[in-house]
Amino acid sequence: MEFTFLHVIFLAVAGFTLLCGLGVVVSRNLFHSAIWLIGAFAGVAAIYWLLEAEYLAIAQIMIYIGAIATLIVFAIMLSRGMMIGRAKMNNFQAGISAVVGILLFALLAFILLQVEWPVVQQAVVADPIPMMGQAFVTTYVIPFQVIAVLLSVALVGAIMIARER
Amino acid sequence: MPIIPLSWFLLVGAGLFSIGLYGALARRNAVAVLMGVELLLNAVNINLVAFNRYIVPAQVTGQIFAIFVLAIAAAEAAVGLALIIAIYRTRDTVNLDEIDLLKG
């Protein structure tokens with residue numbers, strides 16, 4: 001296997017994503033965590049682009065960075081929970097959580113390097129968006145409706161929970 | 001044709017999942033826990049799209065599931081953050097170990 005320019009790009013993107021992910025969980029200041037989180041979302045969008053899923057990369061940027069990250073920043077501002085100063089950042093199970101995380105990664109890496117994946121050497125479909133649209137209204141029409149109802153109910157419920165009484 | 005091995009993408013997904021799991025289990029602040037959960041969902045999405053690209057490249061099944069996960073993540077973030085704001089109003093804290101009203 002020769003080492004190409006694409007490998008270098010992948011390693012840079014993967015390293016950036018994992019670094020930003022680590023920044024999210026180790027920053028004491030919650031606002032810094034949110035900024036790292038935006039970086040991690042952007043890295044994941046770049047990974048989608050490397051996987052030739054351009055539509056998902058755009059959706060990732062619009063929904064995660066555009067909506068969810070903004071929502072999180074608002075929640076941090078509204079709850080004044082920046083954790084600046086001497087407040088304890090982690091709970092009592094931080095040590096064992098780190099051990100569990102490292103063990104889980106070791107287990108997953110061990111398994112997925114052992115398995116012989118049935119990889120198909122084939123190009124992606126030229127125009128995936130019409131295919132996705134058709135699948136949403138034929139094969140996946142019930143899940144699509146359910147998710148639409150779920151999203152409406154969740155958003156109305158969120159407004160009801162958070163409003164001033 | 002795919003040049004990068006599939007296992008590299010899966011390793012990134014596994015790494016991001018482990019980091020997110022640590023964040024969701026270890027942080028005291030509820031918003032930080034939600035950020036950890038977002039990392040978990042993103043890690044799962046990387047795996048779905050990678051399997052779609054490498055194992056069934058002629059279909060879009062994995063991408064459709066990734067879009068479902070995206071919609072669930074949006075609903076989860078909205079409800080979670082609304083709960084955090086409501087709890088902050090009544091109890092003046094968002095630290096999860098101080099929110100113990102239901103603890104016997």
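The legends below describe close-up views of a predicted model with chains A and B.

**View 1. Chain A is built from helices without strands.**
Chain A has 6 helices and 0 strands. From the N terminus, its elements run α-α-α-α-α-α. The radius of gyration of chain A is 20 Å. The globule rule gives 15 Å for 165 residues, so chain A is more spread out than a compact globule. Its C-alpha trace spans about 55 × 40 × 25 Å along the principal axes.

**View 2. Two domains are assigned in chain A.**
Domain 1 of chain A covers residues 1–85. Domain 2 of chain A covers residues 127–165. Taken over C-alpha atoms, the centres of domain 1 and domain 2 of chain A are 24 Å apart.

**View 3. Chain B is a three-helix chain.**
Chain B holds 3 helices and 0 strands. Along the sequence the pattern is α-α-α. The radius of gyration of chain B is 17 Å, whereas a compact globule of 104 residues would be near 13 Å. The C-alpha trace of chain B spans about 55 × 25 × 20 Å along its principal axes.

**View 4. Chain A meets chain B.**
In this interface, 77 residues of chain A contact 63 residues of chain B. On the chain A side, the elements that give two or more residues are α1 (5–26), α2 (30–50), α3 (54–79), α4 (94–114), α5 (128–137) and α6 (141–162). The most comes from α4(A), with 12 residues. By class, the chain A side has 60 nonpolar, 15 polar and 2 charged residues.

**View 5. Helix α6(A) packs along α3(B).**
Helix α3 of chain B comprises residues 61–91. The axes of α6(A) and α3(B) come within 8 Å and cross at roughly 15°. Angles under 35 degrees count as roughly parallel, so α6(A) is roughly parallel to α3(B). The crossing is left-handed. From α6(A), the contact residues include Pro143(A), Ile147(A), Leu150(A), Leu151(A), Ala154(A) and Gly157(A). From α3(B), they include Phe68(B), Ala71(B), Ala74(B), Val79(B), Leu83(B) and Ile85(B). By class, this contact has 19 nonpolar, 1 polar and no charged residues.

**View 6. Helix α2(A) lies alongside α2(B).**
Helix α2 of chain B comprises residues 30–55. The axes of α2(A) and α2(B) come within 11 Å and cross at roughly 5°. The two helices are therefore roughly parallel to each other. In α2(A), the residues that meet α2(B) are Leu30(A), Ser33(A), Leu37(A), Ala40(A), Phe41(A), Val44(A), Ile47(A) and Tyr48(A). In α2(B), their counterparts are Val31(B), Ala32(B), Met35(B), Glu38(B), Leu39(B), Asn42(B), Ile46(B) and Val49(B). The contact divides into 13 nonpolar, 2 polar and 1 charged residues.

**View 7. Helices α2(A) and α3(A) pack within chain A.**
Their axes are 8 Å apart, at an angle of about 175°. Angles over 145 degrees count as roughly antiparallel, and α2(A) and α3(A) are therefore roughly antiparallel to each other. Among the α2(A) residues in this contact are Phe31(A), Ala34(A), Ile38(A), Ala42(A), Ala45(A) and Trp49(A). Leu30(A), Leu37(A), Phe41(A), Val44(A) and Tyr48(A) also meet α3(A), and these five names appear in the contact with α2(B) too. On α3(A), the partners include Glu54(A), Leu56(A), Gln60(A), Tyr64(A), Ile65(A), Ile72(A) and Ile76(A). By class, the contact has 20 nonpolar, 1 polar and 1 charged residues.

Key
Residues are numbered from 1 along each chain as its sequence is written. Chains are lettered from A and ligands numbered from 1 in the order in which they are written. This is a predicted model: local features need pLDDT of at least 70, side-chain atom pairs count only at pLDDT 80 or more; totals for chains, interfaces and linings use all residues. Two residues are in contact if their C-beta atoms, placed from the backbone, lie within 7 Å. Helices (H or I, at least four residues) and strands (E, at least two) are DSSP runs, numbered from the N terminus. Ala, Val, Leu, Ile, Met, Phe, Trp, Tyr, Cys and Pro count as nonpolar, Asp, Glu, Lys and Arg as charged, and the others, Gly among them, as polar. Domain bounds come from an automatic or database domain assignment. Axes are lines fitted to C-alpha atoms, for helices over the stretch in contact, and angles run from 0 to 180 degrees between N-to-C directions. Angles under 35 degrees count as roughly parallel, over 145 as roughly antiparallel, 65 to 115 as roughly perpendicular and the rest as oblique. A crossing is left-handed if the near helix is turned anticlockwise from the far one by less than a right angle, and right-handed if clockwise. The radius of gyration is taken over C-alpha atoms; the globule rule is 2.2 Å times the number of residues to the power 0.38.
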